[in-house]
Amino acid sequence: MATDWETQCRQLADEKAWAEEEAAWRRETGCQVQYRFRWEHVQQVTLEAQHLAQLLHADREIATAAAWLHDICKVEPNHGVRGAEAAAEFLAHTSFDKEKIPAVSHAIRHHAGLFRRPGAAPLTPVDTAILWDADKLTKLGVPQIAMLLCGPHAQGRTLGERRDQIYTYVASWIDRTVDSMNTEPAREMAGIRYEQMKGFLELWKPAAHNAMANPG
């Protein structure tokens, strides 16, 4: 059962995600929220972070708090820095262990970005490495393709157009995301999920292109 601070973190993350989703759906489609893309992402990051914390014998509370709160300032410039500040202020008024707040803030401050420069040393401490890896793992795999198909950017497009949009997403930078993983468990999972994404898109390619070549 979630502790008081975790319930509060979850509620704040939900509220912030909803505000972002409402704005995005209205801007892109003029419709109300049809799919909660940010909330799905935050929940998955939390599960990934908790799993990595268990595998790496890291602090589960730090991993959990950082994951719930990592995108609470997503719509703001420098959302990692801004989110770190907001998370520290928020946690200070909950039952969360005050001595652990700097670790949560540090992890959130350094989670932003899709990949890191080639050859960069792994992020430290392990709590920061875990949040980066958990956040990026959610961008890999067949479930991520399903999430992209459901989001506001995909609405109004044919299946062929959606496939090409996702292929561009994968081909442009996902391999660099895989190479940016900090921890061994995340590197292994990232490699598997990357291959699954490429395989899925290859299986989809003939049907998508045939449909585009033979409309109606």
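In this predicted model, the loop between α2 and α3 is home to His57. The phi angle of His57 is near 55°, a positive value in a residue that is not glycine. Is His57 buried or exposed? With a relative accessible area of 75%, His57 is exposed. A similar story can be told about Asn78, which sits in the loop between α3 and α4 (79–91). Asn78 is not a glycine either, and its phi is positive at about 50°. Asn78 counts as exposed because its relative accessibility is 63%, and the cut-off for that class is over 50%.

One more loop deserves a stop for its backbone. Pro125 is found in the loop between α5 and α6. The peptide bond that leads from Thr124 into Pro125 is cis, with omega near -5°.

From the loops, let us turn to how the helices meet. Two packed helices are described by the angle between their axes and the distance between the axes. Take helix α2 (residues 37–55) and helix α6 (residues 126–137): their axes come within 8 Å and cross at roughly 130°. How are α2 and α6 oriented to each other? They are oblique, because an angle of roughly 130° falls in neither the roughly perpendicular range of 65 to 115 degrees nor the roughly antiparallel range of over 145. The crossing of α2 and α6 is right-handed. On the α2 side, the residues that make the contact are His41, Val45, Glu48, Ala49, Leu52 and Ala53, and on the α6 side they are Ile130, Leu131, Asp133, Ala134, Asp135 and Leu137. Sorted by class, this contact between α2 and α6 has eight nonpolar residues, one polar residue and three charged residues.

Now look at helix α3 (residues 60–69) and helix α5 (residues 101–109). Their axes come within 9 Å, and the crossing angle is roughly 45°. Helices α3 and α5 are therefore oblique to each other, and their crossing is right-handed. Which residues meet here? From α3 come Ile62, Ala65, Ala66 and Leu69, and from α5 come Ala103, Val104, Ala107 and Ile108. The contact of α3 with α5 holds eight nonpolar residues, with no polar and no charged ones.

Aromatic side chains are the next thing to find on the screen. A pair of aromatic rings is described by the distance of the centres and the angle of the planes. How many aromatic pairs does a search of the whole structure find? The search finds four. One of them joins Tyr169 and Trp173 in an edge-to-face arrangement, at 4.8 Å centre to centre and with 70° between the planes. Both residues belong to helix α8 (residues 159–179), where they are four residues apart, about one turn of the helix. Tyr169 and Trp173 are both buried. Phe200 and Trp204 also form an edge-to-face pair, with 6.0 Å between the centres and 75° between the planes. Phe200 and Trp204 are separated by about one helical turn because they stand four residues apart in helix α9 (residues 184–213). Phe200 is partly exposed, with a relative accessible area of 32%, whereas Trp204 is buried at 14%.

Trp173 is worth a second visit. Its relative accessibility is 13%, so Trp173 counts as buried. Beyond residues up to four places away in sequence, Trp173 touches Leu114, Phe115 and Lys139. Trp173 and Leu114 are 59 residues apart in sequence, and their C-alpha atoms are 7.8 Å apart in space.

The tour ends at Arg36, in the loop between α1 (4–29) and α2. Why does Arg36 count as partly exposed? Its relative accessible area is 21%, and the partly exposed class therefore applies, since buried means under 20% and exposed over 50%. Leaving out residues up to four places away in sequence, Arg36 touches Asp14, Ala17, Trp18 and Glu21. Another residue to locate from here is Pro152: 116 residues separate Arg36 and Pro152 in sequence, and their C-alpha atoms are 9.8 Å apart in space.

Notes
Residues are numbered from 1 along each chain as its sequence is written. This is a predicted model: local features need pLDDT of at least 70, side-chain atom pairs count only at pLDDT 80 or more; totals for chains, interfaces and linings use all residues. Side-chain values use heavy atoms; hydrogens and water are left out. Axes are lines fitted to C-alpha atoms, for helices over the stretch in contact, and angles run from 0 to 180 degrees between N-to-C directions. Helices (H or I, at least four residues) and strands (E, at least two) are DSSP runs, numbered from the N terminus. Angles under 35 degrees count as roughly parallel, over 145 as roughly antiparallel, 65 to 115 as roughly perpendicular and the rest as oblique. A crossing is left-handed if the near helix is turned anticlockwise from the far one by less than a right angle, and right-handed if clockwise. Contact means heavy atoms within 4.5 Å. Ala, Val, Leu, Ile, Met, Phe, Trp, Tyr, Cys and Pro count as nonpolar, Asp, Glu, Lys and Arg as charged, and the others, Gly among them, as polar. Rings of Phe, Tyr and Trp (its six-membered ring) pair if their centres lie within 6.5 Å; planes under 30 degrees apart count as stacked, over 60 as edge-to-face and the rest as tilted. Buried means under 20% relative accessible area, exposed over 50%, partly exposed in between (1.4 Å probe, protein chains only).
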